[in-house]
Amino acid sequence: MFTKAIVKEPCANFASGLTSVDLGKPDLEVVLRQHRAYCDALESCGLELIRLLPDEKHPDSTFVEDITVLTPRGAVVTWPGASSRLGEVESIAQVVEKYFDNVQWIKKPGTVDAGDVCEAGEHFFIGISRRTNEHGARQLSGYLNSFGYSSSLIDIRGLSNILHLKSGMAYLSERRLVVIDALRNVPEFSDYDLICLNSTEEYAANCLSLNGRILIARGYPGLQSELELLGYPTIALDMSEFQKLDGGLSCLSLRFYR
């Protein structure tokens, strides 16, 4: 059971954050409303929130997940692949060090965005992407191994439709993954039960399993129906404004057990 989550309220200049898509400019009023609904959903799943103040210097800083990989046995502070996000690291690391005794750090020339890291029980899938380089991925794999976890590296640099690995996949439970079609034939997924999404529902791949419920993006009835048929209660949340900056449900919090 997850017991806590770190969240950070979007700042006033959120709309100036990085993006690889052209979906329009985020509306700050709607952004804040959607973020409040997201926080309410986390609390409804039993999580106590650690709320951080907005950071006007770093418009992407509400996407706290990218800065740390948290596991029950230790944490790894990342070195983000976008230089504009490096200033986010210290403030998140200070919070993480209050809760974790075993904290490791990704070191240059390695880069890691934790949006490229999918925990699947005792195993971790690590994406090599535009933001996570091979050097950083191998550092992270080594740290995870020292914590007692196994890992696989998956190169997604050839995929133009996702920024991070978790933009295109999620772990549910019991060796079951949600994946976009482009990841259907990844060899590392061959032993898993796959829920494959069609092209119209790819954004919904970034769903979030929390204490027996699945948070999903609103507006993707195919996935929602399939999850509920499989016995997963769902909470659908409007993510339209975060999608405009490549953000998804997992990006907005750091969940952990303490």
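The residues lining the largest cavity of this predicted model divide into five nonpolar, two polar and five charged. Here Ala, Val, Leu, Ile, Met, Phe, Trp, Tyr, Cys and Pro count as nonpolar, Asp, Glu, Lys and Arg as charged, and the others, Gly among them, as polar. Among the lining residues are Leu18, Asp60, Arg131 and Cys251. A cavity is a set of points on a 1 Å grid over the protein atoms alone where a 1.4 Å probe fits but cannot get out, and lining residues have an atom within 4 Å of a point.

Residues are numbered from 1 along each chain as its sequence is written. As the model is predicted, local features need pLDDT of at least 70 and side-chain atom pairs count only at pLDDT 80 or more, while totals for chains, interfaces and linings use all residues.

Now meet helix 2, residues 89-99. (Helices are DSSP runs of H or I with at least four residues, strands are E runs with at least two, and both are numbered from the N terminus.) Which residues of helix 2 are buried? They are Val89, Ile92, Ala93, Val95 and Val96. Seen down the helix axis, these buried residues fall within an arc of 165°, so they line one face of helix 2; the arc is that of the directions from the axis to the C-beta atoms. Glu90 and Lys98 are exposed on the face turned away from the buried side. Buried means under 20% relative accessible area and exposed over 50%, with partly exposed in between (1.4 Å probe, protein chains only).

Here is the chain as a whole:

| Feature | Value |
|---|---|
| Helices and strands | five helices and 15 strands |
| Span of the C-alpha trace along its principal axes | about 40 × 40 × 35 Å |
| Buried share of the 258 residues | 55% |

How values were computed. Heavy atoms only, no water. 1 Å grid on protein atoms, 1.4 Å probe; cavity = no way out; pocket = protein on both sides within 12 Å on 5 of 7 lines; lining within 4 Å.
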